[in-house]
Amino acid sequence: MKAAVIGCGVMGRTLLDGLRRAGGWELAAATRSAETARAVTAELGLPVGTDNAAAVRGAELVVLCLKPKNLLAAAADLAPALAPDCCVVSIAAGVGLAELAGVLPAGQPLIRAMPNTPCRVGAGMTALAAGPRATAEQVAAGRRLFESVGRVAVLAEEHLDAVTGLSASGVAFLYLALEALVDGGVMAGLPRDKALELATQTMLGAARMVQETGRHPAALKDEVTTPAGCTISALLRLEDGRLRSVLARGVEEAARAAANLGRKISPPGSGSR
Ligand SMILES: NC(=O)c1ccc[n+]([C@@H]2O[C@H](COP(=O)([O-])OP(=O)(O)OC[C@H]3O[C@@H](n4cnc5c(N)ncnc54)[C@H](OP(=O)(O)O)[C@@H]3O)[C@@H](O)[C@H]2O)c1
């Protein structure tokens, strides 16, 4: 199956790299500047051009990895080159399927997706929302594409801004937490490289415990606390610092900002961009 990636910034590269590592896809890619095209070609060993129309020709899936402000104009330019049964997948935060449909030929199948950067190492989390014209086979193909770089959840479109706040932006929240854990380890006397190794594996291990045991995080947390022990003593400190509500509000804030991104863009030719 041929998949074309349009836009080779952070996410375009991430997906291309993940798909290249996974194998099984005929890949084509294009981006705006010749400089980026050359850099990505050198980095990933995939031919990347600057002709979007050439890249999408013959593709069953076209993944638009473009900033919300560039998405609609680029999609409108591409429209004549799309086969009628080509499924267009947009990963832009905050831009709805209806807005994208407005610049593409009537009936073009569409999917909105929200992946995250761990797709690069096969550990991504992507949510997909199918447009009304996408067939079950096209949704299955979209699912296969993102499953080659991680997990996939299919959701209603109304949830995608929340997904952006939780799993797309959430990666950054966890990096911050990781950095803080490492600093704590250093403060407690560990060499920084060892603290990083310990903190990283601990974060991976905790996540896998929840995934593989299916148990609630609170139950797993309770298991680590002994009466009057060191963990419960530290947990109370974290509660004093409102760690849980700060993280939860962070997700809420990112979801709100994602929804606003879509409100700030206007269709090509409307003169208000
Ligand atoms: N970053 C994340 O963690 C993340 C996660 C999930 C979803 N997203 C969404 O993914 C989208 C892309 O984000 P990003 O972080 O990858 O942005 P980015 O690094 O700025 O990449 C966007 C790329 O689009 C290219 N571009 C702009 N106009 C173009 C056009 N007309 N034709 C072809 N290519 C064009 C630019 O290429 P040149 O360099 O060639 O000019 C740029 O490198 C955004 O909508 C974002 O909401 C991001």
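This is a short talk on one protein and the ligand it holds, taken from a predicted model.

Start with the fold. The protein has 12 helices and eight strands. Its C-alpha trace spans about 70 × 35 × 35 Å along the principal axes. There are 273 residues, and 40% of them are buried.

Now the contacts. Take pairs of residues at least 6 apart in sequence. Of the contacts between them, 64% join residues at least 24 apart.

Next, the surface. About 14,900 Å² is exposed. Carbon and sulfur atoms supply 59% of that area. On charge, the protein carries 28 positive and 25 negative charges. Their mean positions are 3 Å apart.

On to the ligand. Around the ligand there are 23 residues. Which of them come nearest? They are Met11, Thr31, Ser33, Thr36 and Leu66.

Let me go through three polar pairs. Thr31, one of those nearest residues, puts a polar side-chain atom 2.8 Å from a ligand oxygen. Asn52 also uses its side chain: an N or O atom there is 3.0 Å from a nitrogen atom of the ligand. With Ala93 we turn to the backbone. A polar backbone atom of Ala93 sits 3.0 Å from an oxygen atom of the ligand.

How much of the ligand's accessible area does the protein cover? On its own, the ligand has 900 Å² of accessible area, and the protein covers 81% of that.

To recap the site: 23 residues surround the ligand, with polar pairs at the side chain of Thr31, the side chain of Asn52 and the backbone of Ala93.

Notes:
Residues are numbered from 1 along each chain as its sequence is written. This is a predicted model: local features need pLDDT of at least 70, side-chain atom pairs count only at pLDDT 80 or more; totals for chains, interfaces and linings use all residues. Side-chain values use heavy atoms; hydrogens and water are left out. Helices (H or I, at least four residues) and strands (E, at least two) are DSSP runs, numbered from the N terminus. Buried means under 20% relative accessible area, exposed over 50%, partly exposed in between (1.4 Å probe, protein chains only). Contact means heavy atoms within 4.5 Å. Accessible areas come from the Shrake-Rupley method with a 1.4 Å probe; for residues, only the protein chains shown count as cover. Lys and Arg count as positive and Asp and Glu as negative; His and the chain ends are not counted. The place of a charge is taken as NZ of Lys, CZ of Arg, CG of Asp or CD of Glu. A residue is near a molecule or strand if one of its heavy atoms lies within 4 Å of it. A polar contact is a pair of N or O atoms within 3.5 Å; within protein, one must be able to donate a hydrogen and the other to accept it, and residues adjacent in sequence count only if both atoms are side-chain atoms.
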